[in-house]
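Thanks for passing this one along. Here are my notes, set out point by point so you can follow them with the model open beside you.

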Amino acid sequence: MKLNNFDSILCSSPEETAAAAALFATHLRSNDLIALTGDLGAGKTTFVKALAKALGSLDLVQSPTYVYLQMYEASLPLFHFDLYRMNTADDFLAMGFEEYFSAGGITLIEWPQIISHLLPAHTIHLNIQTLSEQERSLNFTKRASS
Ligand SMILES: Nc1ncnc2c1ncn2[C@@H]1O[C@H](COP(=O)(O)OP(=O)(O)O)[C@@H](O)[C@H]1O
Ligand SMILES: [Mg+2]
């Protein structure tokens with residue numbers, strides 16, 4: 001997708017973050033990849049959950065830290081990674097996970113830092129910043145921010 005319509009969005013509740021995710025979802029195409037950064041509790045999974053729902057998924061979206069990859073059925077297959085507990089990029093490669101980037105679905109990666117050098121150039125980086133208990137700033141860029 002192009003990022004013209006998205007840059008930085010202030011969301012004042014989980015519902016607003018979900019609404020932003022649903023809108024964002026309408027712009028996604030096959031093989032798009034979104035790398036989600038932000039502290040624990042920032043709202044990465046909340047965003048993925050709403051995105052999956054907007055794309056018609058009825059599957060349960062969560063991110064148990066002991067599972068690296070969960071797949072959901074939606075208008076396009078969704079590949080939801082959570083790499084919080086992954087130690088090296090070699091682990092990612094050894095599990096053949098890179099193949100999902102071009103498998104015709106949409107890939108969402110929480111805690112992508114460890115594999116940042118493996119991410120394709122068209123990756124959309126979403127950093128969610130916690131401003132207060134309910135306020136989040138969603139920052140979309142084509143390049144990774146710190
Ligand atoms: N504006 C907001 N956007 C997203 N989540 C919010 C917001 N305000 C409060 N929250 C809460 O913050 C938590 C985010 O959790 P989660 O999505 O699991 O974060 P992460 O996956 O980044 O660790 C949820 O409990 C959610 O209800
Ligand atoms: Mg999460």
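1. Thr-45 is a good place to begin. In this predicted model, its relative accessibility is 17%, and Thr-45 therefore counts as buried, since the cut-off is under 20%. The residue sits in helix α2. Beyond its neighbours within four places in sequence, Thr-45 is in contact with Gln-62, Ser-63 and Glu-110.

2. Glu-110, one of those contacts, deserves its own look. With a relative accessibility of 2%, Glu-110 also falls under the 20% limit and so counts as buried.

3. Which residues coordinate the magnesium ion? Thr-45, through OG1, and Glu-110, through OE, coordinate this ion (ligand 2) at 2.2 Å. Distant parts of the chain are linked by this pair: Thr-45 belongs to helix α2 and Glu-110 to strand β5 (residues 106-110), with their positions 65 residues apart in the numbering.

4. Now for ligand 1. Its surroundings comprise 16 residues, and the closest are Thr-17, Gly-41, Lys-44, Thr-46 and Gln-134. Sorted by class, this shell holds 7 polar, 5 charged and 4 nonpolar residues.

5. Which helices should you highlight around ligand 1? Both α1 (14-25) and α2 (44-54) supply at least two residues of the shell. The biggest contribution is from α2, with 3 residues. Helix α2 is also where Thr-45 lies, so to speak a familiar stretch by now.

6. Some polar contacts of ligand 1 are worth displaying. A polar side-chain atom of Thr-46 is 2.6 Å from an oxygen atom of the ligand. Backbone atoms take part as well: a polar one of Ser-13 is 3.1 Å from a ligand nitrogen, and a polar one of Ala-42 is 3.3 Å from a ligand oxygen. On its own, ligand 1 has 570 Å² of accessible area, and the protein covers 75% of that.

7. Please also glance at the backbone of Asn-31. Although Asn-31 is not a glycine, its phi is positive, at about 75°. The residue is found in the loop between α1 and β2 (33-37). Asn-31 has a relative accessibility of 25%, which lies between the 20% and 50% cut-offs, so it counts as partly exposed.

8. Trp-111 is another residue to check. Its phi is positive too, at about 55°, and Trp-111 is not a glycine either. Trp-111 lies in the loop between β5 and β6 (124-130).

How values were computed: Residues numbered from 1 in each chain as written. Chains lettered and ligands numbered in written order. Predicted model: local features only at pLDDT ≥ 70, side-chain atom pairs only at ≥ 80, totals over all residues. Heavy atoms only, no water. Near = heavy atom within 4 Å. Polar contact = N/O pair within 3.5 Å; in protein donor to acceptor, adjacent residues only side chain to side chain. Areas by Shrake-Rupley, 256 points an atom, 1.4 Å probe, with all protein chains shown as cover. Helix = DSSP H or I, 4+ residues; strand = E, 2+ residues; numbered from the N terminus. Nonpolar A, V, L, I, M, F, W, Y, C, P; charged D, E, K, R; others polar. Buried < 20%, exposed > 50% of the residue type's maximum accessible area, 1.4 Å probe, protein only. Contact = heavy atoms within 4.5 Å. Donors = N, O, S within 2.8 Å, 3.2 Å for Na, K, Ca; no water.
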